[in-house]
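Reader: I'm new to this one and would like a tour. Could you take me through it a step at a time?

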Amino acid sequence: MTDARWVGRSYQTAPFQVTEQSVRNYMAAVGDLRDDGELIAPPTYAMVYGFDAFWQLWTDQEVALDVAHLVHGEQRFSFQRPVRPGDRIRTTGRLTAINTRGDMELVTFELKAVDEQDQPVSDGTALFIIRKP
């Protein structure tokens, strides 16, 4: 069981440079073939610029999540503005809850992404379900 004392722990990414190629590669990978003018990243691209915050949590030796038994149960995003090539985005992830339900642990991780001017870009919430072995 993950120790609840880690609730509140946060992780910050280095600035992520959004490039046209990165957005187009992502769009191709998810089958988004639209080409209707201005290039705007699809909503799920938030996982690209926010991924390092997740990785920091998953590999944090002190928190020691049991990632071998972890299932990504839920993901939600909200956006304050579109993401475009040229943006530099920093994401902060924060462990906000660790709860037990039966033989499962429910871990909530919230993310906030901002641009170079510290203006909000997107927010996200992930729920991880960890089955006890």
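Reader: Let's start with a loop. Where is Ala-64 found?

Author: Bear in mind that this is a predicted model. Follow the chain to the stretch that joins a helix to a strand, and that's where you'll see Ala-64: the loop between helix 2 and strand 3.

Reader: Is Ala-64 buried, partly exposed or exposed?

Author: Buried means under 20% relative accessible area and exposed means over 50%, with partly exposed in between. Ala-64 comes out at 48%, so it counts as partly exposed.

Reader: And what is the phi of Ala-64?

Author: Most residues other than glycine have a negative phi. Ala-64 is not a glycine, yet its phi is positive, with a value of about 55°.

Reader: Which loop holds Asp-118, and what is its phi near?

Author: Asp-118 is found in the loop between strand 5 and strand 6. At 49% relative accessibility Asp-118 counts as partly exposed. Its phi is positive too, in a residue other than glycine, and is near 60°.

Reader: Stepping back, in what order do the elements of the protein run?

Author: There are 2 helices and 6 strands to place. Reading from the N terminus on, the order is β-β-α-α-β-β-β-β.

Reader: How much of the protein counts as buried?

Author: Picture the C-alpha atoms filling a box of roughly 50 × 30 × 20 Å along the principal axes. Among contacts between residues at least 6 apart in sequence, 66% join residues at least 24 apart. Of the 133 residues, the share that counts as buried is 36%.

Reader: Now helix 2. How far apart are its end C-alpha atoms?

Author: Helix 2 covers residues 46-58, which makes 13 residues. At 1.5 Å a residue they should span 18 Å. The distance between the end C-alpha atoms agrees with that: 18 Å.

Reader: Where is the kink in helix 2 centred?

Author: The kink in this helix is one of about 40°. Its centre is at Asp-52.

Reader: Which residues of helix 2 are buried, and which strands help cover them?

Author: The buried ones are Ala-46, Tyr-49, Gly-50, Ala-53, Phe-54 and Leu-57. What covers them includes strand 1, strand 2, strand 3, strand 4, strand 5 and strand 6.

Reader: How many cavities turn up, and what is the volume of the largest?

Author: Rolling a probe the size of a water molecule over the atoms shows where empty space is left. A search of the whole structure finds 2 cavities of 30 Å³ or more. The largest has a volume of about 70 Å³.

Reader: Which element gives the largest share of the lining of the largest cavity?

Author: Residues on that lining include Ala-46, Met-47, Phe-77, Thr-91, Leu-111 and Ser-122. The elements that give two or more residues to it are helix 2, strand 5 and strand 6. The largest share, 5 residues, comes from helix 2.

Reader: How does the lining of the largest cavity divide into nonpolar, polar and charged?

Author: Phe-54 and Leu-111 are among the lining residues, and so is Asp-123. Sorted by kind, the lining comes to 7 nonpolar, 4 polar and 1 charged.

Reader: What about the second largest cavity: how many of its lining residues are charged?

Author: This cavity has a volume of about 30 Å³. Its lining is Arg-24, Met-27, Arg-34, Asp-35, Asp-36, Gly-37, Glu-38 and Leu-39. They divide into 2 nonpolar and 1 polar, with the charged ones numbering 5.

Reader: Back to Thr-91. Is it buried or exposed?

Author: Thr-91 has its place in strand 4. Leaving out residues up to four places away in sequence, Thr-91 touches several others, including Tyr-11, Tyr-49, Gly-50 and Leu-111. Its relative accessible area is 2%, so Thr-91 is buried.

Reader: Last one: which residues does Trp-6 touch?

Author: Trp-6 sits in the segment before strand 1. At 14% relative accessibility, Trp-6 counts as buried. Not counting residues up to four places away in sequence, the ones Trp-6 touches are Glu-62, Val-63 and Leu-95.

Methods
Residues numbered from 1 in each chain as written. Predicted model: local features only at pLDDT ≥ 70, side-chain atom pairs only at ≥ 80, totals over all residues. Heavy atoms only, no water. Helix = DSSP H or I, 4+ residues; strand = E, 2+ residues; numbered from the N terminus. Expected span 1.5 Å × (residues − 1). Bend = angle between axes of the 7 residues up to and from the residue. Buried < 20%, exposed > 50% of the residue type's maximum accessible area, 1.4 Å probe, protein only. Contact = heavy atoms within 4.5 Å. 1 Å grid on protein atoms, 1.4 Å probe; cavity = no way out; pocket = protein on both sides within 12 Å on 5 of 7 lines; lining within 4 Å. Points joined across faces, edges and corners; volume = space filled by probe spheres on them. Nonpolar A, V, L, I, M, F, W, Y, C, P; charged D, E, K, R; others polar.
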